[in-house]
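Work through the exercises below with the sequence and the structure open side by side. Try each task before reading its solution.

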Amino acid sequence: MGWTLFILLVVLTVVHGNPTMTVRTGSGPTVGFDQHPNSVPLGEDIQTTTEVVEEVMTTGVLNPSHYPARRAATVVQHYLNTRYGSPYRWIFFSTVHSGSSEVGVEVEDQHTLGSVSGQCSAELFFPEGEGQSAPQVQASCEGLHQSNTTAQEEAFYQQHRASNNLVSGNNIPDSYGHVEPSMKPFWQLGGVASSFIMLRESNESTLYNMAQVANFTQLETEKDQLRFNYHVLLHEMISQEIIHWKLLVTWSPEQGVQVLQTELQPKCHHCEAPPNTTN
Amino acid sequence: MKGLLILTALFVAVFGKETFEGPGLGLICVWETGPLCWFVDLKCHSSSLSQLDVWMETTDLPTSVDIRVPFTSLQTVKAFLETEDIEYFIMIKDLQVMLDEEKEQMLSSARATAPRTSDDYDYSNYHTIADIYAFQDMLVAENPNLVSKIVIGQSYQGRPLNVLKFSTGGTNKPGIWLDTGIHSREWVTQASGTWFAKKIVTDYGRDAALTAILDKMDIFLEIVTNPDGYYYTHTSNRMWRKTRKPNPGSSCIGTDPNRNWDAGFGGPGASDSPCSETYRGPKAHSESEVKSIVDFVKSHGNLQAFVSIHSYSQMLLYPYGYTRTPCKDESELHNLARKAITDLASLYGTSYRYGSIINTIYQASGGTIDWTYNQGIKYSYTFELRDTGRYGFILPANQILPTAKETWLALMAIMEHTKDNTN
């Protein structure tokens, strides 16, 4: 059984419009905009983009239909996945509304078509400064654990912990968006593991999603943790780049998902992936 | 692309005085003859190269020339280039392999149950470029009084840029333009465009709103706006976005066709690196895929709406992307966008955001609808279709029809408003 969590970040409209999501950046000039590889410095335009961020900084109000809200919500999504994700729990943010104090989380079980909603509130801080520094997120959620994925996770764990039949797969989903049912938990695990990288790499000028699991290979179980090598493709929306990462991932129902190693793969212009002719 | 004739040849790029480190020799390439092939006779080096067809690359770099060479002349050409101390490298690798595969694929699709009518066509699946081109011809053949095919130009690799014209007759009627697939990896858009084409012919004479639109206006639909890229996503790299035109002096191929328009060109929101996914190109309209549309729009002169369709993010966007200055029709475009996405959501509850490009998604310069809007086409919109990131570009085929159907409701809202506000 597969569980999928959709985060609906609901900021309910109240009279005074206090935002649920506070996005704060460090004082001083904003980072990200003029360091973005795609931007060509032109004084006038840099000024303009800085103004927008300063507006956010001073008021803390996010216009939900503008992109800063969406980027921030995606960062919170990555954070929640690193905390709560599993092969049977992959969290997605879907919408942001204007207003305040409450955030909704919807849980949808693909097989029973039920849904449970919960609530999260999150605070997000983008540190500024020279080195790459991950955003800091604080979020508290109620109701997130209403979806009980324990049984599926335990069954999956028991099925794969013996090392006599190590699993592997590639191109998940395939070119046509198809995911074999047996591959779905590995796809979701890849998405959750990718969230560790996406969270770490996020700033105000990025928006990451995992585009595809290029391949994964199960390794011998160690210390009761299932272990996998993953090669994932991340899509960064602002630059539109596809970024390849290799990950060493462990998981167990008790320990959750951990990413032990990450390795950025160079963008190789001459080594194209083989065609996805399967299916 | 029927009747493909394959000859073996060497495709060579000749550089004048530039130094270049390229791959080794020994790679054989091919060209296609017939209407898909294009080359220009070059008058210089006439004594040695007179037997060769030489194709001048359409850039401002006079030192760069692309030559197609028959295989039988291969040794002669190589000897000539080496004698003259002209640096050269092989531009297209494995072109033979590519064309063999393409030929095999077309033969095997012909052997498979190819749809005999557009009613048999499987709209709920993704298709090859050959399938879509065949579909276009079928639709025209079945609806000769409503649909015609206009070839507005050729892609870099010589593929036709086909536009379906839906018209109830008349001359220089106001027009509506729709395009899908300008970014080749956004497969749900080409698939939706195919469904839109069928929807139009199905609804004309049956649906009052669509019939009223077509009685007053023509609809132009370019389904595979970036055919070279689309082919490449099937054969080599599912995530390819740009055109497939090489960049002189770089090993990186392609220009982002949605940063190549002459609107804010050169400003922030595009890259000047050929290796970037948002590379703007050497100059505005450098890509034939873009220039062909530019020429069409200018020569038509009476387009009233222009909708360019992308995926993913679930957004409906209006100008501008290159500047924060609001476009002068922002209020009307904003209200119309709200109506359109409300209609879209009515079908399956799919939620879209809407607004100007620069506010809603990011700053982007050289974008399509910024240019069309500045040409005076007021109802210029960009869609970002499903989803919001779970599948992203590789949207499951079972979402094609729901996506196409809900998007159509938004398009109808835009087209109706356009019709009601056009003289």
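**Exercise 1. Locate A:D224 and describe its backbone and its exposure.**

Step 1. A:D224 sits in the loop that links strand 8 (208-222) to strand 9 (225-236) of chain A. Helices (H or I, at least four residues) and strands (E, at least two) are DSSP runs, numbered from the N terminus.

Step 2. The phi angle of A:D224 is near 65 degrees, a positive value in a residue other than glycine.

Step 3. A:D224 has a relative accessible area of 44%, so this residue counts as partly exposed. The classes are buried, under 20% relative accessible area, exposed, over 50%, and partly exposed in between (1.4 Å probe, protein chains only).

The model is predicted: local features need pLDDT of at least 70 and side-chain atom pairs count only at pLDDT 80 or more, while totals for chains, interfaces and linings use all residues. Residues are numbered from 1 along each chain as its sequence is written, chains are lettered from A and ligands numbered from 1 in the order in which they are written, and side-chain values use heavy atoms, with hydrogens and water left out.

**Exercise 2. Is A:Q240 buried or exposed, and where does A:Q240 lie?**

Step 1. A:Q240 belongs to the loop between strand 9 and strand 10 of chain A.

Step 2. Phi of A:Q240 is positive, about 65 degrees, although the residue is not a glycine.

Step 3. The relative accessibility of A:Q240 is 4%, and therefore A:Q240 counts as buried.

**Exercise 3. Which residues does A:I243 touch, beyond those up to four places away in sequence?**

Step 1. Find A:I243 in strand 10 (residues 241-252) of chain A.

Step 2. With residues up to four places away set aside, A:I243 touches A:Y208, A:V232, A:L233, A:L234, A:E236 and A:L264. Contact means heavy atoms within 4.5 Å.

Step 3. A:L207 is 36 residues from A:I243 along the chain, and their C-alpha atoms are separated by 12 Å.

**Exercise 4. Describe the surroundings of B:V297.**

Step 1. B:V297 is part of helix 8 (residues 288-300) of chain B.

Step 2. B:V297 counts as buried because its relative accessibility is 6%.

Step 3. Apart from neighbours within four places in sequence, B:V297 is in contact with B:L303, B:F306, B:W371 and B:I377.

Step 4. From B:V297 to B:Q375 the distance is 8.9 Å, C-alpha to C-alpha, across 78 residues of sequence.

**Exercise 5. Where does a cis peptide bond join A:I172 to its partner, and where does one join B:R386 to its partner?**

Step 1. In chain A, the cis bond joins A:I172 and A:P173, with omega about -5 degrees. A:P173 lies in the loop between strand 7 (168-172) and helix 4 (184-201) of chain A.

Step 2. In chain B, a cis bond joins B:R386 and B:D387, with omega about -5 degrees. B:D387 is placed in the loop between strand 13 (379-385) and helix 12 (400-420) of chain B.

**Exercise 6. Summarise each chain by its elements, burial and contacts.**

Step 1. Chain A contains four helices and 11 strands; chain B contains 12 helices and 13 strands.

Step 2. Chain A has 279 residues, 54% of them buried. Chain B has 423 residues, and 60% count as buried.

Step 3. Consider contacts with a separation of 6 or more. In chain A, 66% of them come from residues 24 or more positions apart; in chain B the share is 74%.

**Exercise 7. How many residues of chain B are in contact with chain A, and which elements of chain B take part?**

Step 1. The contact involves 47 residues of chain B and 48 residues of chain A.

Step 2. About 3,900 Å² is buried between the two chains, and carbon and sulfur atoms give 52% of this area. Buried area is the accessible area (1.4 Å probe) that two parts lose on being put together, summed over both.

Step 3. B:R324, B:R353 and B:R390 supply 20% of the area that chain B buries against chain A, more than any other three residues.

Step 4. On the side of chain B that touches chain A, helix 7 (227-235), strand 12 (353-356) and helix 10 (357-360) are the elements that give two or more residues.
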